[in-house]
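Reader: I am new to this structure and would like to learn how to read it. Could you walk me through a few features, step by step?

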Amino acid sequence: MTNKKEGLVIAHLGQGIAVECDGEIILCQPLRKLDTVTVGDKVLWSLVAPEQGRIEALLPRKSVLTRPSRNDKIRPVAANLDNVFVVFAVEPYCDFLLLDQYLAICENRDFAASLILNKTDLPLSESIEAELANYVSLGYALYRVCANDASSLNELKQALRGQVSIFTGQSGVGKSSLTNTLIPDKNLKTNTVSATTKHGRHTTTAATLYHLPEGGDLIDTPGVAIFGLADITTGQLAQGFREFLPFLVKCQFNDCSHHNDKGCAVRAAVESGEISTARYSRFLKLHEKM
Ligand SMILES: Nc1nc2c(ncn2[C@@H]2O[C@H](COP(=O)(O)OP(=O)(O)OP(=O)(O)O)[C@@H](O)[C@H]2O)c(=O)[nH]1
Ligand SMILES: [Mg+2]
Ligand SMILES: [Zn+2]
């Protein structure tokens, strides 16, 4: 009889799944039918050889964030999340289209989403400030931080406390740098987890969960588009723009695409200045991409 223990999946690596149990990390292989186990999952595992585990069962999830992958499959990105933090920065550039895509998915999946502007040591243009003011007026929390300045992270730390959070955003915005500053012993742990996945670059290759010193967990992800639009409908995309909601019900036609349709209340709200033109044009771009 095998002795099953409960563990937490902290990373999905090429060579197996890193499961944390009683403060130790064991590399496990999942049973074939459990190949969708993901970071943040609670699992039952057993030891099959020295330092070699097997995942026997997946425990119920509170939530799961997914992304579309090849052959129309949906892959989980992370499980049991409370909050999604979309990280962006003026360098490489502020990709508001990607940001709106992330926000629209979060709105549809009922994930609380917040924004983190990193690299505040770099100058911001007025047009970016105007965009930021608009997100704040829509009710999104915005944290302005600098990964090199721990004192800039105090407010963010409060928001992360006791929660399971994920950092997402394009490559190079500083997700890992922020994680490093928030989690002092991170490098040490990263080396234990992925000693065999090193390849000289800093780019993160696997979503990895870390424990915050103040309590709570933080998942750092690779800067790829981990959210896809493929699993939402065009109607859901519109609902993902929270300021559209009061107008969607007022469009003349139920199947309004909010483009050039007759009697579109969303478009009217853009014209009257109630909806930002920039957000509306990004909605149209995402709509086109779908
Ligand atoms: N000026 C400045 N540079 C920063 C700051 N935070 C991070 N960087 C730099 O930005 C670059 C990318 O940082 P990473 O933390 O690797 O970015 P990432 O988002 O984890 O990237 P991926 O893992 O590829 O998704 C590095 O050269 C960092 O030193 C900051 O607050 N200010
Ligand atoms: Mg990274
Ligand atoms: Zn409409």
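**Rings, a cavity and charges**

Author: Let us begin with a cluster that ring pairs build from Phe88, Phe96, Tyr135 and Tyr140. This is a predicted model, where local features need pLDDT of at least 70 and side-chain atom pairs count only at pLDDT 80 or more, while totals for chains, interfaces and linings use all residues. Residues are numbered from 1 along each chain as its sequence is written, and side-chain values use heavy atoms, with hydrogens and water left out.

Reader: How many aromatic pairs does a search of the whole structure find?

Author: A pair of aromatic rings is described by the distance of the centres and the angle of the planes. Rings of Phe, Tyr and Trp (its six-membered ring) pair if their centres lie within 6.5 Å; planes under 30 degrees apart count as stacked, over 60 as edge-to-face and the rest as tilted. The search of the whole structure gives 10 aromatic pairs. In one of them, tyrosine 135 and tyrosine 140 have ring centres 6.4 Å apart and planes at 65 degrees, so this pair is edge-to-face.

Reader: Is tyrosine 140 buried or exposed?

Author: Buried means under 20% relative accessible area, exposed over 50%, and partly exposed in between (1.4 Å probe, protein chains only). Tyrosine 140 has a relative accessible area of 2%, so it is buried. Tyrosine 135, at 1%, counts as buried too.

Reader: What about empty space: which residues line the largest cavity?

Author: Rolling a probe the size of a water molecule over the atoms shows where empty space is left. On a 1 Å grid over the protein atoms alone, a cavity is a set of points where a 1.4 Å probe fits but cannot get out, and lining residues have an atom within 4 Å of a point. Here the largest cavity is lined by Val86, Val87, Phe88, Asp95, Leu98, Leu99, Tyr102, Gly169 and Gln170.

Reader: And how many salt bridges does the structure hold?

Author: Side chains of opposite charge can pair when their charged atoms come close. A salt bridge is a side-chain nitrogen of Lys or Arg within 4 Å of a carboxyl oxygen of Asp or Glu. The structure holds 13 salt bridges. One of them joins arginine 282 and aspartate 100 (2.5 Å, N to O), and both of these residues are buried. Another pairs glutamate 243 with arginine 279, their closest N and O atoms being 2.8 Å apart. Glutamate 243 counts as buried at 11% relative accessibility, and arginine 279 is buried at 0%. Through shared partners, salt bridges join Asp100, Glu131, Glu243, Arg279 and Arg282 into one network.

Key
Chains are lettered from A and ligands numbered from 1 in the order in which they are written. On a 1 Å grid over the protein atoms alone, a cavity is a set of points where a 1.4 Å probe fits but cannot get out, and a pocket is an open set with protein on both sides within 12 Å along at least five of seven lines; lining residues have an atom within 4 Å of a point.
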